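Biologist: Hey, got a minute? I'd like a quick tour of this one, since I haven't looked at it before.

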Amino acid sequence: MEDFYAQYNFLEPELLEEIIQIAVRKKFNQHETLIREGQFISSFPLVLKGLIRVSRTSEAGNELLLYYLQAHEVCAMSLTCCMARQTSEVNAVAEEETEVLLIPVKMLDAWTTKYPLWKQYVMQTFQNRFRELINTLDAVAFLKLDERLVKYFVDRHNKSGEHTFSGTHQDLALQLNSSREVISRLLKKLENEGKVSLSRNFIDFSGLL
């Protein structure tokens, strides 16, 4: 658990010991779902390593990316559902091999009252995710699709450090609420400009960074 202590050493030592005692450590493979919309949440994840995509899905199957989670972060939407005792309103999917600590929801209220640093961490999480949600809304409302596509790749790099995307054009289209044909056309344009390199189910976007 050395990685856990190193990442969450800003919390109270007593809380760290409680987490070690009750948390379940679990690995998720790339594209594996941690949380589904409509699912009742019995535990929330603290991320140890990897990258998680948090999104909502329309009735037509289109996806809206809300934000990413990386190491030492927790999902604000999961915490909100836990506090309200409601089912999940988001999907959380591992973008790469990911490892988390699953915490029983019953501990959330107790720790918020008992540990000031945990309360501060939760409040800061809400603030950070709210800022990212505002950025997402701004992108949808004010950016053209080609600008949103570039922003998608840049945001992915800023969160994970990666400069490649493994997936189909259809995967991108669903996440950007567009069609595969439009996304393919925009990617081809970026490739002609030397900004991305395309191969089967793989995109190198280092030219955008």
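Biologist: Let's start with strand 6. Are the residues on its two faces buried or exposed?
Modeller: Keep in mind that this is a predicted model. Strand 6, residues 91-94, is covered on both faces. N91 and V93 are buried on one side, and A92 and A94 are buried on the other.

Biologist: Why would the residues split between two sides like that?
Modeller: That's a general thing: side chains in a regular strand alternate between the two faces of the sheet.

Biologist: OK, and which way does strand 2 run against strand 6, parallel or antiparallel?
Modeller: Antiparallel, with two bridges joining strand 2 (residues 33-35) to strand 6. In one of those pairings, T33 has V93 as its bridge partner.

Biologist: How many bridges does strand 4 make to strand 6?
Modeller: Four, and strand 4 (residues 52-57) also runs antiparallel to strand 6. There, I52 is partnered with A94.

Biologist: Switching topic. In what order do the strands of the open sheet with strands 8, 9 and 10 come?
Modeller: The order is 8-10-9, three strands with antiparallel pairing. Strand 8 (164-166) and strand 9 (197-199) are the edges, each pairing on one side only. From one strand to the next, the twist averages 10 degrees.

Biologist: What joins strand 9 to strand 10?
Modeller: Three bridges, with strand 10 covering residues 202-204. If you want a spot to look at, L198 sits opposite I203 of strand 10.

Biologist: Where does T164 sit?
Modeller: T164 is in strand 8.

Biologist: And is T164 buried or exposed?
Modeller: Buried, because its relative accessible area is 17% and the cut-off for buried is under 20%.

Biologist: What does T164 touch?
Modeller: Leaving out residues up to four places away in sequence, T164 touches R156, F202, I203, D204 and F205.

Biologist: Let's do helices. How are helix 6 and helix 8 arranged?
Modeller: Helix 6 (residues 145-160) packs against helix 8 (residues 180-192) at an angle of about 70 degrees, and their axes are 10 Å apart. So the two helices are roughly perpendicular to each other, as angles of 65 to 115 degrees count that way.

Biologist: Which residues make that contact?
Modeller: From helix 6, they are L145, D146, L149, V150 and F153. Helix 8 brings V182, I183, L186, L187 and L190.

Biologist: What about Q175, where is that?
Modeller: Q175 is in helix 7, which spans residues 169-175. Its relative accessibility is 5%, so Q175 counts as buried.

Biologist: Which residues does Q175 touch?
Modeller: R53, E63, L64, L65, Y152 and F165, again not counting residues up to four places away in sequence. R53 falls within strand 4, residues 52-57, and Y152 within helix 6, residues 145-160.

Biologist: Now zoom out for me. How many helices and strands are there in the protein chain?
Modeller: Eight helices and 10 strands. The radius of gyration is 18 Å, close to the 17 Å that the globule rule gives for 209 residues, so the chain is as compact as a globular protein of that length. Its C-alpha atoms fill a box of roughly 55 × 35 × 25 Å along the principal axes.

Biologist: What share of the residues is buried?
Modeller: Buried residues make up 42% of the 209.

Biologist: And what about the exposed area?
Modeller: The chain exposes about 10700 Å², and carbon and sulfur atoms supply 52% of that.

Notes:
Residues numbered from 1 in each chain as written. Predicted model: local features only at pLDDT ≥ 70, side-chain atom pairs only at ≥ 80, totals over all residues. Heavy atoms only, no water. Pairing = 2+ DSSP bridges. Axes fitted to C-alpha atoms, helices over the stretch in contact; angles between N-to-C directions. Rg over C-alpha atoms; globule rule 2.2 N^0.38 Å. Buried < 20%, exposed > 50% of the residue type's maximum accessible area, 1.4 Å probe, protein only. Areas by Shrake-Rupley, 256 points an atom, 1.4 Å probe, with all protein chains shown as cover. Parallel < 35°, antiparallel > 145°, perpendicular 65-115°, else oblique. Contact = heavy atoms within 4.5 Å.
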